[in-house]
Amino acid sequence: MDITMDQHDGIRLVNLSGMLTSDTSESVRARVQSWYEQQDCPNVVFDLSRLDFMDSTGLGVLMAILKMINEKSGQMRIASMQKKPSTLLSITRAYRVLDIYDTVDAAFASFQNQADETKAE
């Protein structure tokens, strides 16, 4: 499991590659949580374009991260999922809870669109 984290335009970007399983989930959760608590922008996009496989423990970690982000008044987006992780989200119906986008650019744009709608109100 490889994880890289960066920040663009006030939004955090987490890239996961490899397999998010019971063997790697805890280290991913700990690294993301530590990084998230050190930064000042609440919104996060997870780029899963290079995540080959995710089991239920990996999904549980994503849900725990989502809860942490929501508790800090932030929002999380999932982008560019491959087939196997997407199948898991379909089977578990986790797509009802997660905001999923086809591309990282679309996920980033959704934050801008949301900001524009808030200004219009």
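Arg-93 counts as partly exposed, because its relative accessibility is 45%. On this scale, buried means under 20% relative accessible area, exposed means over 50%, and partly exposed is in between, using a 1.4 Å probe and protein chains only. Before we go further, note that this is a predicted model, in which local features need pLDDT of at least 70, side-chain atom pairs count only at pLDDT 80 or more, and totals for chains, interfaces and linings use all residues. Residues are numbered from 1 along each chain as its sequence is written, and side-chain values use heavy atoms, with hydrogens and water left out.

Where does Arg-93 sit? Its place is in the loop between H3 and S5. Names like these come from DSSP runs numbered from the N terminus: helices are H or I runs of at least four residues, and strands are E runs of at least two. Arg-93 follows just after H3 and takes a positive phi of about 60 degrees, although Arg-93 is not a glycine. Here is some background: most residues other than glycine have a negative phi. Ser-73 is another residue to look at, with a positive phi of about 65 degrees although it is not a glycine. Look for Ser-73 in the loop between H2 and S4. Ser-73 counts as exposed, because its relative accessibility is 68%.

Now step back from Arg-93 into helix H3 itself, which covers residues 83-92. Which residues of H3 are buried? They are Pro-85, Leu-88 and Leu-89. Seen down the axis of H3, these buried residues fall within an arc of 95 degrees, so they line one face of the helix. The arc is that of the directions from the helix axis to the C-beta atoms. A general rule helps here: an α-helix has 3.6 residues a turn, so residues three or four places apart point the same way. Turned away from the buried side of H3 is a face with the exposed residues Lys-83, Lys-84 and Ile-91. The cover over the buried residues of H3 includes strand S3 (44-54), H2 and strand S5 (99-101). To count as a contact in this text, heavy atoms must be within 4.5 Å.

Two residues let us follow the surroundings of H3 a little further. Met-81 is in the loop between strand S4 (76-79) and H3. Leaving aside neighbours within four places in sequence, Met-81 is in contact with Leu-48, Ser-86, Leu-89 and Ile-100. Met-81 and Ile-100 are 19 residues apart in sequence, while their C-alpha atoms are 8.4 Å apart in space. Ile-100 belongs to strand S5, and it counts as partly exposed at 33% relative accessibility. With neighbours within four places in sequence again set aside, Ile-100 is in contact with Ile-78, Met-81, Leu-89 and Tyr-95. From C-alpha to C-alpha, Ile-100 and Ala-79 are 5.8 Å apart, with their positions 21 residues apart in sequence counted as the separation.

Next, find the pair of helices H1 (residues 25-38) and H2 (residues 56-71), which pack at an angle of about 15 degrees with their axes 9 Å apart. That angle makes H1 roughly parallel to H2. Axes are lines fitted to C-alpha atoms, for helices over the stretch in contact, and angles run from 0 to 180 degrees between N-to-C directions. Angles under 35 degrees count as roughly parallel, over 145 as roughly antiparallel, 65 to 115 as roughly perpendicular and the rest as oblique. On the H1 side, the contact is made by Ser-25, Arg-29, Val-32, Gln-33 and Tyr-36, and on the H2 side by Thr-57, Gly-58, Val-61, Ile-65, Met-68 and Ile-69.

Helix H1 also holds Trp-35. Is Trp-35 buried or exposed? At 13% relative accessibility, Trp-35 counts as buried. Apart from neighbours within four places in sequence, Trp-35 is in contact with Met-5, Asp-6, Arg-12, Leu-13 and Val-14.

Our last stop is strand S2 (residues 11-20), where Ser-17 lies. Ser-17 is buried, with a relative accessible area of 14%. Gly-18 is found in strand S2 too. The C-alpha atoms of Gly-18 and Leu-51 are 5.0 Å apart in space, although the two residues are 33 residues apart in sequence.
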